[in-house]
Amino acid sequence: MAWNGRRNGGSFRQVILFLLGVCVWQSGAESLRYSLAEEMERDSFVGNIAQDLGLTPSQLAARKARVVSEGNQQLFLLNPSTGVLTAKESLDREEICPQSETCTLFFTLFFDNPLQLIRGEVEVLDVNDNSPVFPQKEMILKIPETTVPGYRFHIENAQDKDVGTNGLQNYSLDSQSHFSLDLATEEIGVELVLERPLDREEQQELTLQLTATDGGTPPRSGTAQIRIVVLDANDNTPVFTQKVYEVRLPENSPPGQLVVRVVATDPDEGIYGKVQYAFTQTPEESRQLFDLSPDTGVIRVAGNLDFENMKKHKMTLTATDGGGLYSHCKVQVEIVDVNDNAPEIQLTSHTASIPEDAPPRTLVALFSVRDRDSGDNGRTQCTIDGDMPFILTPTFGSFYELRTNAALDRETTAEYNISIRATDWGPQRLSSRQSLWVQVTDVNDNAPAFSQELYSMWVTENNSPMVRIGSVQASDADAGSNARVQYALVREEGQEQAAVSVSSESGEVYVVRSLDYERVRALEVWVSAADGGSPALSARALLRVLVRDENDNAPVVLHPGAESGAGAGELVPRWAPAGYLVAKVVAVDADAGQNAWLSYELAKATEPGLFRLGLHSGELRTARAVAERDAPRHRLVVLVRDRGQPPRSASATLAIALLHDFSDAHVRLSQDAPPAEPDDTLTLYLIACLACVSALCLATGLAALLMKLRRVRQRQAEPLPTFPTAVAESDAGSLPRSLVYDVCLATGTLSSDFHFLGPLLPCFPAGMPPGATPQRSSLCSQEAASLGQRDNQPAEAPLAEDTAEAACPANIGVDLNVASDQSHWLTHQ
């Protein structure tokens, strides 16, 4: 419907009336109506909606106007820039609306902002594009020769798919003298009228040409031949028991199901009384759906009945006897609807993506539901499968709106597969589904998260600049630029530049300058991760860089010090037994771990077999008892080595003097005349001599061992000795022979003091009780004298006990108490 409004600038009243008319029209109380001739070309003009609605094309575009055709196929298109409605393709009225006088197509015009729906219709006008067609190109009529003039014979009508004036209008018969045409009522059809009697003996068959013409411009026509077979006399025609048979049949009736049985009787006998049944005046669609038995008149279902395609079938049957006489009856089959069509969901608009911060009640989709069944079978309802944050709202007609009903979270669910189910109300409910994919677009609502709160990384000291030591990793649950993480070091105001750097893209950690384990063993910095959102969100993690030690420091010898010189040395008494502590080498290493684990070894010695050095303690001890033949002065080179890779080492030199006693004269003499360091030539001579006499030494040692073993066995066989009574001390004031001394040395000094201890070999007088003061016996004096002679000490040394006690602190000396068997061992040694 088009509105024509006129404006008069001089009349304010007319303007008000016009605006009121436009508001009434926009309420959608009436619909748009157009017409279009069939077989028009594609994109043919249908109507100007913008002009008919009184809107400009820009208003149509602003309100997002769109046209949706009713049905499964979109037949019309709306140009939003011009407001012109066109046909999407060429329309065939006979295909769209078969067996219908009028053909009307409906569409719905949708407006957004605000939502408005206007119903429209387009009438497809018929054109004369179909010629009349007879069901049979040749029709045979068997007419008894006794048929009287004026008898009428029914002829099957021609079919023309066009309607109105373009449909079938007239029939014509070629010129002859026996028959004429009678255009009876539309329900009965064309009848052939016998004008004069037939004579079989004169002419057995006649051929007539029947022409059907429509009323189109130009007219179209179709022809069929009528072959007349003249039969012998037959004076009775078949008679049906009913003129009209009415049947109700469900549309889901299976093929072969009985529909109805028609009965026609003929009182004639023989071939003239045998009745044959056939369809006449029946559409081709009905002939394909129903099967007629020509002998019994039983009609059965032959195809699939569909209530939605054709609700009622009207068929005409003829009963013909053997003489060619026949009669007609009508069979009307009404198809009863059953629920055999599922609802159809037609999507009108769909939003493929929606932001996760969209408010509730946001429109997602608009769709309509149609069911081709009738009654409750065509009544539908829509639901959403599953628990989803969406809701369906019925709107105009059969349309539904899909909206959100809760807040969305992309990190929980990034997309939704919304399954909409439409169900009808039939006895056995049928349903259909439509899936809608809705993607939730990201909003920057999640901060980056580091994979761990503390990152510990190692770097070896003395590293090259910009060495990679690891990486930090942070993830963001968002997507796109909101999840793109940038890394940076957090530097506080006034803080110096850190020794590490972090790649802003990959998070890889580099050490920018060389580090020294001895100066910096660990450093800590904060690393921040910020996403690319607006505003950006960030997180922090602590980065701890631990410096791994490298063996870059050699051991440093603290004792003996380098400033003490080779002249200063250690003093060892000639009586020192095996294991006697001579000195202790002290060294340190600035490294850590195994790089600081030190081991000590003798690299060079004047007498290699005399001393041994503790591998880990650095203690220098005598490897055997000092002998008279040993040189008085020795020079040892100690090598201190760590366990690094490669190992580093340092050396120290020890000067050792072997002394009989530690008097000041000896000490000064040693200081004035330091021992000459043996040169390499003397060493070679000593090695050569050692090689020459090695066999003699070995033999001598074995002999001494055998002698010793023999003496030990003899002593074990003898009884323990008895000690004599004590003898009074000598008046000369000399040191008793039963006393020995211990040396108290100060490292690096040239003076020594003696500390005289109690008697090493205590002499107990016969019968003395325990705890009484013993008296020195002559045996003790003899033992002491023998010890003094063996150590090259005078037997009568004029030294006072108080002088000895003042020379060395009491806590340094060692008081040795030995048993009688030890005294015996010392005597023999």
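This is a short tutorial dialogue on reading a predicted protein model.

User: What kind of model is this, and how are its residues numbered?

Analyst: It is a predicted model, in which local features need pLDDT of at least 70, side-chain atom pairs count only at pLDDT 80 or more, and totals for chains, interfaces and linings use all residues. Residues are numbered from 1 along each chain as its sequence is written, and side-chain values use heavy atoms, with hydrogens and water left out.

User: What pLDDT does the protein average?

Analyst: pLDDT is the predictor's confidence in each residue, from 0 to 100. The protein averages 77, and 78% of the residues score at least 70. Over residues 1–29 the pLDDT is below 50; this stretch has 21 contacts beyond near neighbours in sequence. A contact means heavy atoms within 4.5 Å. Residues 720–829 also stay under 50, with 144 contacts beyond four places in sequence.

User: How many helices and strands does the protein have?

Analyst: Both are DSSP runs numbered from the N terminus: helices are H or I with at least four residues, strands are E with at least two. The protein has 10 helices and 51 strands.

User: How do I read a sheet?

Analyst: Strands of a sheet pair through backbone hydrogen bonds, either parallel or antiparallel. Here, two strands count as paired if DSSP finds at least two bridges between them. One open sheet of three strands has the order 34-38-37, with antiparallel pairing. Strand 34 (467–471) and strand 37 (500–502) are at the edges, each with a single partner strand, so one side of each has no neighbour in the sheet. The twist averages 30° from one strand to the next. Axes are lines fitted to C-alpha atoms, for helices over the stretch in contact, and angles run from 0 to 180 degrees between N-to-C directions.

User: Which residue in strand 38 is the bridge partner of Ser501?

Analyst: Tyr510. Strand 37 and strand 38 (residues 508–511) pair over three bridges, in the antiparallel sense.

User: Which open sheet includes strand 43?

Analyst: An open sheet of three strands in the order 43-47-46, with antiparallel pairing. Strand 43 (581–584) and strand 46 (611–613) are its edges; each has a single partner strand, so one side of each is left without a neighbour in the sheet. The twist averages 20° from one strand to the next. Three bridges join strand 46 to strand 47 (residues 619–622). Phe611 stands opposite Thr622 in strand 47.

User: Is Asn377 buried or exposed?

Analyst: Buried means under 20% relative accessible area, exposed over 50%, partly exposed in between (1.4 Å probe, protein chains only). Asn377 counts as buried because its relative accessibility is 11%. Asn377 sits in the loop between strand 26 (363–370) and strand 27 (380–384). Beyond neighbours within four places in sequence, its contacts include Asp337, Asp371 and Asp424. Of the 829 residues of the protein, 38% are buried.

User: How many salt bridges does the structure hold?

Analyst: Side chains of opposite charge can pair when their charged atoms come close. A salt bridge is a side-chain nitrogen of Lys or Arg within 4 Å of a carboxyl oxygen of Asp or Glu. The structure holds 20. In one of them, Asp385 pairs with Arg433, the closest N and O atoms being 3.3 Å apart. Asp385 is in the loop between strand 27 and strand 28 (390–394) and Arg433 in strand 31 (residues 431–441), so the pair ties together parts 48 residues apart in sequence. Arg433 is exposed, at 54% relative accessible area.
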